[in-house]
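Let's take a walk through this fold together, starting wide and then zooming in. Have the sequence and the 3D view open as you read.

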Amino acid sequence: MALLFFLSHLLRMGFFNCMKKGYYQITEALKTAAESNDHINQVSWGNIFDLDFRKMDMYPLAHIITGNATLNERTITYEFDLLIMDIVDYSKDAKDLYEGNMMKQDIYHRTLSTLSEILATFRRGTEYDAYFRLVNDPLAQPFDEDYEANVCGWMATLSIEAINPNNIC
């Protein structure tokens with residue numbers, strides 16, 4: 001009877017909820033935050049080279065890449081690269097080199113703003129959670145790549161800390 005009381009007390013305190021908050025829930029929260037942003041058309045995950053960059057209907061795109069995980073005694077810190085990108089459609093009517101890059105400037109502006117909005121949902125918005133949290137101030141790095149299509153945007157490495165369900169205390 002005492003064990004049943006103890007378990008019910010732990011359940012009311014939310015003790016077992018921490019076991020449900022790990023890798024899957026964090027990746028789902030990242031996906032949800034990106035999908036709910038008006039400037040994202042599609043969200044993908046995995047190896048960036050597995051994407052078909054020629055599919056024009058997927059842009060603007062948020063892409064999630066799983067990084068390292070640091071296994072601390074009481075927490076696990078997951079690293080994810082979050083890329084926000086759009087396809088560059090060069091104007092044939094550009095008068096000079098600066099004006100010819102205006103579309104890239106628009107993409108850099110829009111994708112950085114989108115990245116910032118997604119990060120805000122982890123700091124204080126809908127994806128803020130008592131069992132995992134963004135623990136770094138990510139450095140956003142611009143990129144301009146010619147995969148199968150010319151894309152540009154921003155990438156940031158997020159460090160998200162969650163309770164380690166296997167802690168020894």
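What follows goes from the overall layout to one helix, and then to the aromatic rings.

Keep in mind that this is a predicted model. The protein chain's secondary structure adds up to four helices and six strands. If you trace it along the sequence, the order reads α-α-β-β-β-α-α-β-β-β. Of the 169 residues in the protein chain, 40% are buried. Now look at who touches whom: take the contacts between residues at least 6 apart in sequence, and 59% of them join residues at least 24 apart. On the outside, the protein chain exposes about 10500 Å², with carbon and sulfur atoms supplying 55% of that area.

Now zoom in on helix α4, which runs over residues 102-123. With its 22 residues, α4 spans 32 Å from first C-alpha to last, close to the 32 Å you'd expect at 1.5 Å a residue. Which of its residues are buried? In α4 they are K104, I107, T111, T114, L115, I118, L119, A120, T121 and F122. Note that the list includes a lysine, K104, along with residues such as I107 and L115. As for what these buried residues pack against, there is one helix, α2 (23-35), plus the strands β3 (75-87), β4 (132-134), β5 (140-146) and β6 (150-163).

The aromatic rings are the next stop. Searching the whole structure turns up six aromatic pairs. One of them is Y23 with Y24, an edge-to-face pair at 6.1 Å centre to centre and 65° between the planes. How covered are these two tyrosines? Y23 is partly exposed, at a relative accessible area of 26%, while Y24 is exposed, at 66%. Y23 and Y24 also belong to one aromatic cluster together with Y78 and F80.

Another pair takes us back to α4: Y108 and W154 also sit edge-to-face, 5.8 Å centre to centre with 70° between the planes. Why is this pair worth a look in the fold? Y108 lies in helix α4 and W154 in strand β6, so the pair ties together parts that are 46 residues apart in sequence. W154 has a relative accessibility of 15%, so it counts as buried, the cut-off being under 20%. Strand β6 has come up before, too: it is among the elements that the buried residues of α4 pack against. So on your screen, the ring pair joins α4 to β6, and the buried residues of α4 pack against that strand as well.

Key: Residues are numbered from 1 along each chain as its sequence is written. This is a predicted model: local features need pLDDT of at least 70, side-chain atom pairs count only at pLDDT 80 or more; totals for chains, interfaces and linings use all residues. Side-chain values use heavy atoms; hydrogens and water are left out. Helices (H or I, at least four residues) and strands (E, at least two) are DSSP runs, numbered from the N terminus. The expected span of a helix is 1.5 Å times one less than its number of residues. Buried means under 20% relative accessible area, exposed over 50%, partly exposed in between (1.4 Å probe, protein chains only). Contact means heavy atoms within 4.5 Å. Rings of Phe, Tyr and Trp (its six-membered ring) pair if their centres lie within 6.5 Å; planes under 30 degrees apart count as stacked, over 60 as edge-to-face and the rest as tilted. Accessible areas come from the Shrake-Rupley method with a 1.4 Å probe; for residues, only the protein chains shown count as cover.
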